[in-house]
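Colleague: I should like to learn how salt bridges are read from a model. Could you take me through the reasoning step by step?

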Amino acid sequence: MEENLLKRLPLGTSSFLALRDAGQIYVDKSEYIYKLASVRAKFFLARPRRFGKSLLVSTFESLFKNGIRDFKGLAIEKKWQDDKKYTVVRLDFSETRDFGEAAEFTLKLTSLLARKFRPAGFSYQENSVFSVTDQLSDWLQTQPVNRLVILIDEYDSPLTACLDNPEKFESVRRKLAGFYAVLKTNDEALRFLFITGITKFNKTSIFSELNNLSDISLSPEYGALLGYTHEEVEEYFGAYLESASQVLQKDKLQLVEELVDHYDGFCFEETAKQKVFSPWSLLKFFSSPIRGFKDYWFESGGRPSVLLKYLQSHSLRNPEEYGKGKSLPLNALTDSTEPSALSDVALLTQTGYLTIKAVEYGTTVFVGYPNKEVRTAIAQLYLEQLLDGRVAGQVGAGPIVKVLSEESAESLFHILNRLFLSIDYHRYPVKDESSVRAFVQIYFAGAGLEPIVERHHAHGRSDLEVRAGKRHWILEFKVSRKTEDLEIKLEEAVRQIEERRYGEQVFDSEKIRVALVYSLDRREFVRWKQC
């Protein structure tokens with residue numbers, strides 16, 4: 001299919017007006033937008049980065065400013081009957097996130113409010129004894145009833161910027177509280193308020209001052225408000241699917257399955273029924289399918305700042321938990337949270353590293369990695385924790401895929417030792433076979449491989465299996481303490497592989513079975529044998 005037959009992708013476009021003007025694909029979410037915008041209300045929506053929050057805010061802006069002018073052919077066109085013109089103020093709090101002392105934040109917030117409310121008629125008097133929020137409150141009292149629309153993007157950006165500094169966080173929180181208190185006091189002027197962010201912090205006065213704010217973050221009704229459903233991918237990107245299947249010489253069904261494995265699986269609603277694709281990752285793939293299935297979401301801009309700040313003062317749970325199921329109470333996601341009480345599982349869920357898999361008894365949420373792209377990213381995050389901020393390449397353990405695909409069992413033995421000798425043992429001691437297995441799993445997963453831990457066979461469970469290229473590795477680990485004979489441990493591992501016939505079911509690739517013995521005393525692998 002020729003490229004010029006493909007409608008333009010909305011890659012990196014966060015302006016609804018620019019998207020429509022450029023003739024880019026718009027996945028029609030206007031049915032949801034109509035439901036929200038047709039009532040006088042205040043809404044809050046939390047979603048991870050790169051899911052289209054800013055485009056959604058821009059879409060509301062266009063609707064309230066210009067009516068259905070830019071919505072020709074969309075679902076809302078025939079439903080929207082409100083012909084009033086509203087005053088729209090859009091605030092992007094990411095503009096205030098770069099500050100040193102709290103006083104600098106105050107200046108940035110003042111500037112933001114003065115600049116963004118000025119086109120609506122507000123005139124900030126810099127030399128007045130009254131603060132910008134005091135002056136704004138007086139101005140709001142002069143506004144017509146139900147004529148003001150306020151759209152706030154990335155409300156939590158200045159808060160996450162100082163998450164590791166409680167004193168500064170509290171100062172920023174108080175300043176924001178003053179602004180939200182003004183909105184509550186002058187509710188009469190507000191026709192519509194929409195706020196987006198990643199994390200739901202407590203005591204920011206969004207959820208206390210604006211006590212009639214509807215949080216739709218986990219609402220089943222809006223589970224597909226952001227992100228692309230399977231049906232939407234087929235409907236809006238069918239031509240790109242056909243093109244990619246030709247470029248990669250894959251059957252279309254096979255291509256869709258691989259796209260699902262890599263970029264689908266995000267669930268943001270409390271019934272755990274609606275799954276969506278990551279828009280950014282899918283669009284990046286369609287823009288250059290010849291590159292294959294890259295980790296585009298995390299490649300695009302690093303980790304969310306809220307997570308980076310959290311890691312400056314907290315550790316993620318033990319990396320041994322990487323491959324295990326996780327759960328948390330539903331209210332950990334629905335209720336606002338004190339920064340000091342923010343759990344790693346809740347934060348990883350809010351930032352998109354974990355997603356809702358099931359909800360039982362209406363109160364317990366089971367979460368897991370949504371797809372391969374995210375499994376790889378979180379493994380890299382855990383690996384950096386293990387290596388005290390370094391990556392595998394910095395400790396001489398980078399080319400693990402090449403070793404597994406092309407080199408020998410002895411090469412594997414040596415590269416594993418380079419990794420294990422670099423682990424921060426003070427924080428993450430290797431205690432037993434479970435530790436060894438978990439750390440190797442993280443290492444392999446962080447390289448984009450898909451290790452299987454404790455794979456069930458007819459005669460037992462192998463420790464770890466992984467495919468790389470045309471090879472299938474079966475690894476059996478044993479740990480040795482001071483008084484134990486290393487050769488006996490090695491033979492025990494070899495015997496277990498052979499007697500339980502691990503790898504017997506592997507027919508489509510070269511099978512390599514290796515026994516490895518790790519010394520807890522020496523903190524390295526000391527014996528290996530290929531079976």
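Modeller: The discussion below concerns salt bridges and the burial of their partners. Please note that this is a predicted model.

Colleague: What counts as a salt bridge, and how many salt bridges are there?

Modeller: The pair needs a side-chain nitrogen of Lys or Arg within 4 Å of a carboxyl oxygen of Asp or Glu. By this rule, the count is 33 salt bridges.

Colleague: Which residue forms a salt bridge with Arg90, and where do the two lie?

Modeller: The partner of Arg90 is Glu61, with the closest N and O atoms 3.1 Å apart. This pair links distant parts of the chain, as Arg90 belongs to strand β2 (residues 87–92) and Glu61 to helix α3 (residues 53–66), 29 residues apart.

Colleague: Is Glu61 buried or exposed?

Modeller: Buried means under 20% relative accessible area. Glu61 has 16%, and is therefore buried, whereas Arg90, at 23%, is partly exposed.

Colleague: Which residues form salt bridges with Arg437?

Modeller: One is Glu454, whose closest N–O approach to Arg437 is 3.6 Å. Here strand β9 (residues 452–457) holds Glu454 and helix α19 (residues 433–446) holds Arg437, 17 residues apart. Another is Asp463, with the closest N and O atoms 3.1 Å apart. Asp463 lies in strand β10 (residues 460–468), so its pairing with Arg437 in helix α19 ties together parts 26 residues apart in sequence.

Colleague: How accessible are Arg437, Asp463 and Glu454?

Modeller: Arg437 is buried at 11% relative accessibility, and Asp463 is buried at 5%. Glu454, at 31%, counts as partly exposed.

Methods:
Residues numbered from 1 in each chain as written. Predicted model: local features only at pLDDT ≥ 70, side-chain atom pairs only at ≥ 80, totals over all residues. Heavy atoms only, no water. Helix = DSSP H or I, 4+ residues; strand = E, 2+ residues; numbered from the N terminus. Buried < 20%, exposed > 50% of the residue type's maximum accessible area, 1.4 Å probe, protein only.
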